Amino acid sequence: MLSPCMLCKAECCRNHLITVTSFDVLRLHGDGYGVPDFAQFAPCSTLNFDNDMVLEFHDSGLAEDYLLAFRSNPCYFLVNGRCEIHGIAPSVCKAYPKNASGKMMGRLCPGIPKLMHGVLGTEIRKEYAKEIEIYREIVTEWNRGRGRMRDCMPFLLERTEEAANLMGNK
Ligand code: SF4
Ligand code: SF4
């Protein structure tokens, strides 16, 4: 079946900072990918983000803001113009150019493919909104502890694994 993305040069994969949740990282970790290879804490450099997903690190004594993201521009998983992890790509990628609520966003998605996404629909995992909700709670808990960057990823993965086990959704 013709995919709208076949008409595009993976603009979203090349040009976005791919912000993800710890559920996406955990899935790839479970699939054998080394977390430091593909994931990073990216400094918040714009105001256009979801505040509830901002991780605070106190290494310097002051709170510094970061987002959990893939190594981006282009995405670490974009190989020869194709997504290397297509089946287990993050929910944000599967939903794009829509958001978790199904609302059309995707400013980088070009005209005709974007129209096709609107008509054909994009795959939005039913667990996506729930994962975002739980990730926000995990981020809030992390921020309360005023921790250091090096301790954050183990914390996120541990809490996410517990939550995923409860949801039966790892
Ligand atoms: S994970 Fe795949 S779909 Fe998502 S940005 Fe990277 S290459 Fe693109
Ligand atoms: S979602 Fe849009 S921008 Fe991303 S690869 Fe598909 S057509 Fe291109």
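pLDDT is the predictor's confidence in each residue, on a scale from 0 to 100. The structure described here is a predicted model. Its mean pLDDT is 89, and 95% of the residues reach 70 or more. Among the elements of the protein, helix 3 (residues 35-38) has the highest mean pLDDT, 97, and helix 5 (residues 111-120) has the lowest, 84.

## Overall build

The protein contains seven helices and five strands. Read from the N terminus, the order of these elements is α-α-α-β-β-β-β-β-α-α-α-α. The radius of gyration is 16 Å, close to the 15 Å that the globule rule gives for 170 residues, so the protein is as compact as a globular protein of that length. Along the principal axes, the C-alpha atoms fill a box of roughly 50 × 35 × 30 Å.

Of the 170 residues, 29% count as buried. Among contacts with a separation of 6 or more, 73% are between residues 24 or more positions apart.

## The nonpolar core

In soluble globular proteins, nonpolar side chains tend to be buried together. In this protein the largest nonpolar core has 34 residues, and V20, L68 and F70 touch the most other members. Several elements give two or more residues to this core, including helix 1 (11-15), strand 2 (55-57), strand 3 (64-70) and helix 7 (149-167). Helix 6 supplies the largest share of the core, five residues.

L68 shows what such packing looks like in detail. Apart from neighbours within four places in sequence, L68 is in contact with T19, V20, T21, S22, V25, A39, F41 and L55.

## Helix 2 and T160

Is helix 2 mostly covered or mostly uncovered? Helix 2 is mostly covered, with seven of its nine residues buried. The buried residues are S22, F23, D24, V25, L26, R27 and L28. They pack against helix 3, strand 1 (39-43), strand 3, helix 4, helix 6 and helix 7. After helix 2 comes G32, whose phi is positive, near 100 degrees.

T160 belongs to helix 7. Why is T160 classed as buried? A residue is buried if 20 or more other C-beta atoms lie within 10 Å of its own, and T160 has 23 within that distance, so T160 is buried. Leaving out residues up to four places away in sequence, T160 touches S22, F23, L26 and I138. The C-alpha atoms of T160 and E137 are 10 Å apart, and the two residues are 23 apart in sequence.

## D65 in strand 3

D65 is found in strand 3. With 16 other C-beta atoms within 10 Å, D65 is partly exposed. Its contacts, not counting neighbours within four places in sequence, are C44, V54 and E56. C44 is 21 residues from D65 along the chain, and their C-alpha atoms are separated by 5.7 Å.

## Unusual backbone angles

Most residues other than glycine have a negative phi, and most peptide bonds are trans. The table lists exceptions in this model.

| Site | Feature | Angle | Location |
|---|---|---|---|
| N73 to P74 | cis peptide bond | omega near -5 degrees | P74: loop between strand 3 and strand 4 (78-79) |
| Y96 to P97 | cis peptide bond | omega about 10 degrees | P97: loop between helix 4 and helix 5 |
| N80 | positive phi | phi near 50 degrees | loop between strand 4 and strand 5 (82-83) |
| R146 | positive phi | phi near 50 degrees | loop between helix 6 and helix 7 |

N80 counts as exposed, with 5 C-beta neighbours inside 10 Å. R146 also counts as exposed, with 11 C-beta neighbours inside 10 Å.

## Surroundings of the ligands

Which residues surround ligand 1? They are C13, I18, C75, F77, L78, C83, I85, A89, P90 and C93. By class, this shell has ten nonpolar residues, no polar residues and no charged residues.

Ligand 2 is surrounded by P4, C5, C8, A10, E11, C12, Y96, P97, G106, L108, C109 and P113. Its shell divides into ten nonpolar residues, one polar and one charged. Y96 and P97, both in the shell of ligand 2, are the pair joined by the cis peptide bond with omega about 10 degrees.

Key: Residues are numbered from 1 along each chain as its sequence is written. Chains are lettered from A and ligands numbered from 1 in the order in which they are written. This is a predicted model: local features need pLDDT of at least 70, side-chain atom pairs count only at pLDDT 80 or more; totals for chains, interfaces and linings use all residues. A residue is near a molecule or strand if its C-beta atom, placed from the backbone, lies within 6 Å of it. Ala, Val, Leu, Ile, Met, Phe, Trp, Tyr, Cys and Pro count as nonpolar, Asp, Glu, Lys and Arg as charged, and the others, Gly among them, as polar. Helices (H or I, at least four residues) and strands (E, at least two) are DSSP runs, numbered from the N terminus. The radius of gyration is taken over C-alpha atoms; the globule rule is 2.2 Å times the number of residues to the power 0.38. A residue is buried if 20 or more other C-beta atoms lie within 10 Å of its own, exposed if 12 or fewer, and partly exposed in between; C-beta atoms are placed from the backbone. Two residues are in contact if their C-beta atoms, placed from the backbone, lie within 7 Å. A nonpolar core is a set of buried Ala, Val, Leu, Ile, Met, Phe, Trp, Tyr and Cys residues joined through C-beta atoms within 7 Å.
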